[in-house]
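Open the model in your viewer and keep the selection panel at hand. The stops below follow in order.

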Amino acid sequence: MESLKEKTAKGLFWGGLNSTMQQIIGLAFGILLGRLLSPSDYGMMAMISIFSLIATTLQSSGFPTALANIQNPKDEDYNSVFWFNILIGISAYLILFFCAPLIGDYYHTEKIVPLCRYAFLSIVFASFGTAQNAYLFKNLKAKQQAKSGIFAVFISSMVGAICAFNGLAYWSLATQGLIFVLFNTIMAWHYSSWRPSIHHITFQPVRKMFRFSCKMLASSITTNINNNILNIMLGHYFSPHDTGNYNQAYQWDSKCFSLVQGMVNQVAQPVLVNLRSEGDKQIQAFRKMMRFTAFISFPLLFGFGLVAKEFIVIALTAKWLVSAEFIQILCISGATMPIFSLLSNMVISKGKSGIYFWCTFGLGVVQIIVMLLTWPLGIRAMVIAYTILNVGWLFVWQYFVKRLAGYHLSMFFRDTLPFALAAFGVMAATHFTTLAIHNLILLLICRVFMAVILYYLVMKVAKVKILNECQKFILSKFKKS
């Protein structure tokens, strides 16, 4: 029988593999699609993505997290969630289908109407896999989730690229999203041993979970709006071309921080819930996850910001050069996103979905006010304001984690600040050392290799424990294979 520590280590490994493989595949096909499609094509999809995200969140209704917070969920709990999700998913699609003309009016383009009705089919597809994915998540089936995600992203990326080659423009991106959700759902059914039953369907378990899940639902909707606030506002106040340039930057920034966030989120919630009754052990596990997150996140995002211009011009061509400057700004807040997520997971693990909601909602309100005040100053000012606000909001989350779990600000700084300063110092040294190199390809290669080697040496000289633990775990995996 595996211990919780072993399950956590394996979960982080498979979560990391899942995130890494998905981002590598996304990198390859993102470059291909970026060359084939225009900023306006990306802008069209960016403008409607929020509606699909909100509808999908409504469909899941926060129940996967609610199930994860039940110590031993029963078969009837999963069954109730399964049928409820399908009912809500189909209803949400029908509402959005008839509201598509209103979305077109908001963005001043009728082309969005049929695109909405096509892209939003993913909501229905996702509704059939929510309970299965919740089962895999609750039981720490990270390996199975990794295989599902990697397969789905590869197939969907292939289909998207074929569509783009055939001149389908923004329809390529919509089709890619549909195929991803469809195959991810199919694979969840394949790996999950739980099956729904048409006998004795009852929504009583759903009602019992609703008090917790409704707050998670409202929080998730608010989070999606927070993350996409610039897409929503840029699409209204600026052109699809401008929106596409920002969205390209956000997508690449998101690929980087999702690599770390996906790895940690795979295990954080189930592990913290399992240790909820053991305060000291829970905080120890949390601090270890925090150090691991900071150890990976800061060098990865700061490093990407360092090479953003070279990467964009080489990979996507100069037509996307405007996105490079946005990437450099977004990478600052992107480095803190996995930390942001880990802090919020601790709040959820304490069963405080109300605090989670109000903290998320507060960020959303402040963010909308700030964006409305800054949009006359231009897109760059909006991106800077968005970044500053998201970094600052970390301390709001830390305050509540301190109240609930005794995670003091001094602990937070000890767990994160050394890695942030080390990563910043390494990237600054690499930047100034390589200024004399003018060939973009050579500059990109030199900066990547130098930054990796310097950061490793700094961690080695500082005798950072998390580095040694990562090395030991990876070596043990190679020995077993």
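**Stop 1: the salt bridges**

Select Arg-291, which is partly exposed at a relative accessible area of 28% (buried means under 20%, exposed over 50%, partly exposed in between; 1.4 Å probe, protein chains only). The model is predicted: local features need pLDDT of at least 70, side-chain atom pairs count only at pLDDT 80 or more, and totals for chains, interfaces and linings use all residues. Residues are numbered from 1 along each chain as its sequence is written, and side-chain values use heavy atoms, with hydrogens and water left out.

Add Asp-415, whose side chain meets that of Arg-291 in a salt bridge (3.3 Å, N to O); the term requires a side-chain nitrogen of Lys or Arg within 4 Å of a carboxyl oxygen of Asp or Glu. This pair links helix α19 (Asp-415) and helix α12 (Arg-291), 124 residues apart; helices are DSSP runs of H or I, at least four residues, numbered from the N terminus. Now add Arg-287, which also forms a salt bridge with Asp-415, with the closest N and O atoms 2.9 Å apart. Both Asp-415 and Arg-287 are buried.

**Stop 2: another pair**

Select Glu-325 and Arg-380, a salt bridge with its closest N and O atoms 2.3 Å apart. Glu-325 lies in helix α14 (residues 321-334) and Arg-380 in helix α17 (residues 379-392), so the pair ties together parts 55 residues apart in sequence.

**Stop 3: past helix α4**

Select His-108, just after α4, and check its phi: the value is positive, about 60°.

Methods:
Helices (H or I, at least four residues) and strands (E, at least two) are DSSP runs, numbered from the N terminus.
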